[in-house]
Amino acid sequence: MATTSDRIIRLQHVEVRVPDLELATAYYTEVLGLLETARDERDGAPRVFLKCWDEREHHSVILREAPTHGLDHMSFKLNEAADLDHFTAKLEAAGVPVKRFAARELGPGWGEAIRFDAPSGHLVELTHGTERIGNMLPKTNPPPRPQDLIGIAPPRLDHLFVMAEDVEAFTAFFTELLEFRLTEQILANDGHQLATFLEHSHTPHDIAVITGPNGALHHFAFWMDDWNGIREAADALAYHGVTIDVAPTRHGVTRGYTTYFFDPSGNRNELFTGGYWVDPDFEPITWTEEEMGRAIFYYHRQVNERFFTVHS
């Protein structure tokens, strides 16, 4: 039976809205280099399922055609099927309504799942049993990576960053009910949380939240293997005319290296690498309001207004 620390493994997938499905699909497959695994239509809206090359499971990004852009839901992977019952009981005991779905009920490759709303209005899913389709490499004597990858080709989805009017309530929900660990926080001078970073996968963050409108998406991030990968990806983005939000630089929070940019719909993406290992007894790191600029962009020591105000 899973323990408290390992019931949730990591971020499983994100589903995002895009007004032009074919344009978005071309960007995510030809520029970013994700792999298309399926298409379907749900509630009258066409969807495209994508995965990064080194992910074994069916999908990590779902694009849904819609008039607006933004986040439909986030999904986290559970270690065992019994963990669905554990979290259902825990959430319902706290007065949170939970909906349960059978495997494949929500779409191709989907595992059994539960869904519920966070205090910020974000739809959260926990799932187990997503179909495994492999990572393009043999299981015996594999090479380091496939030879026919297209575009930037990040190996996996890494984390999600959202916005909430009440960061404390969001953080308490994820730590107390969903058993995430707090790794870092940015505190205002009056002591309330401006941003928090939470994990289950022993990385600096699987999800983070910053003060802003309820339900908003700030960005979702893909992992790159090293700093050179970040720089080379920025070259590719510039070549393809992709709008770069923040050129390659470093975070103070998480110690990670990063570049931010926008998909054709306006959803912000990030490429991320670096960071540190988080043990179960990790003691959270605190940044003060005066040092928020250094926390977000360590070299520049200031945050541009767009980073706080542009979201989807």
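D166 caps the N-terminal end of helix α3, with a side-chain oxygen 3.2 Å from the backbone nitrogen of E168. The model is predicted: local features need pLDDT of at least 70, side-chain atom pairs count only at pLDDT 80 or more, and totals for chains, interfaces and linings use all residues. Residues are numbered from 1 along each chain as its sequence is written, and side-chain values use heavy atoms, leaving out hydrogens and water.

**Helices α3 and α1**

Helix α3 covers residues 167-177. Helices here are DSSP runs of H or I with at least four residues, strands are runs of E with at least two, and both are numbered from the N terminus. V167, F170, T171, F173, F174 and L177 are the buried residues of α3. Buried means under 20% relative accessible area, exposed means over 50%, and partly exposed lies in between (1.4 Å probe, protein chains only). After α3 comes E179, with a positive phi near 65°.

Helix α1 spans residues 21-31. Its buried residues include L21, A24, T25, Y27, Y28, T29 and V31. D20 caps the N-terminal end of α1. Here a side-chain oxygen of D20 lies 3.4 Å from the backbone nitrogen of E22. Just after α1, G33 has a positive phi of about 90°.

**N269 and its partners**

Two tyrosines of α1, Y27 and Y28, are buried. Each has a side-chain contact with N269: 2.7 Å for Y27 and 3.2 Å for Y28. A polar contact is a pair of N or O atoms within 3.5 Å; within protein, one must be able to donate a hydrogen and the other to accept it, and residues adjacent in sequence count only if both atoms are side-chain atoms. N269 belongs to strand β16 (residues 268-274). N269 counts as buried because its relative accessible area is 0%.

**Two histidines**

H219 sits in strand β13 (residues 217-223). Its relative accessible area is 0%, so H219 is buried. H219 and L160 are 59 residues apart in sequence, yet their C-alpha atoms are 6.2 Å apart.

H86 lies in helix α2 (residues 82-93). H86 has 25% relative accessibility and therefore counts as partly exposed. H86 and R7 are 79 residues apart along the chain, with 9.1 Å between their C-alpha atoms.

**Positive phi in loops**

Most residues other than glycine have a negative phi. The table gives two non-glycine residues with a positive phi.

| Residue | Phi | Loop | Relative accessibility |
|---|---|---|---|
| D43 | about 55° | between β2 (35-42) and β3 (45-51) | 76%, exposed |
| R255 | about 60° | between β14 (244-250) and β15 (256-262) | 43%, partly exposed |

**A negative patch**

D225, D226, E232 and D235 form a patch of negative charge on the surface. Patches are made of residues with over 30% relative accessible area and no salt bridge; like charges are joined within 9 Å, and nonpolar side chains (Val, Leu, Ile, Met, Phe, Trp, Tyr) within 5 Å. A salt bridge is a side-chain nitrogen of Lys or Arg within 4 Å of a carboxyl oxygen of Asp or Glu. Asp and Glu count as negative, Lys and Arg as positive; His and the chain ends are not counted.

One of the patch residues, D235, lies in helix α4 (residues 227-239). D235 is exposed because its relative accessible area is 56%.

Notes: Areas by Shrake-Rupley, 256 points an atom, 1.4 Å probe, with all protein chains shown as cover. Charge placed at Lys NZ, Arg CZ, Asp CG, Glu CD.
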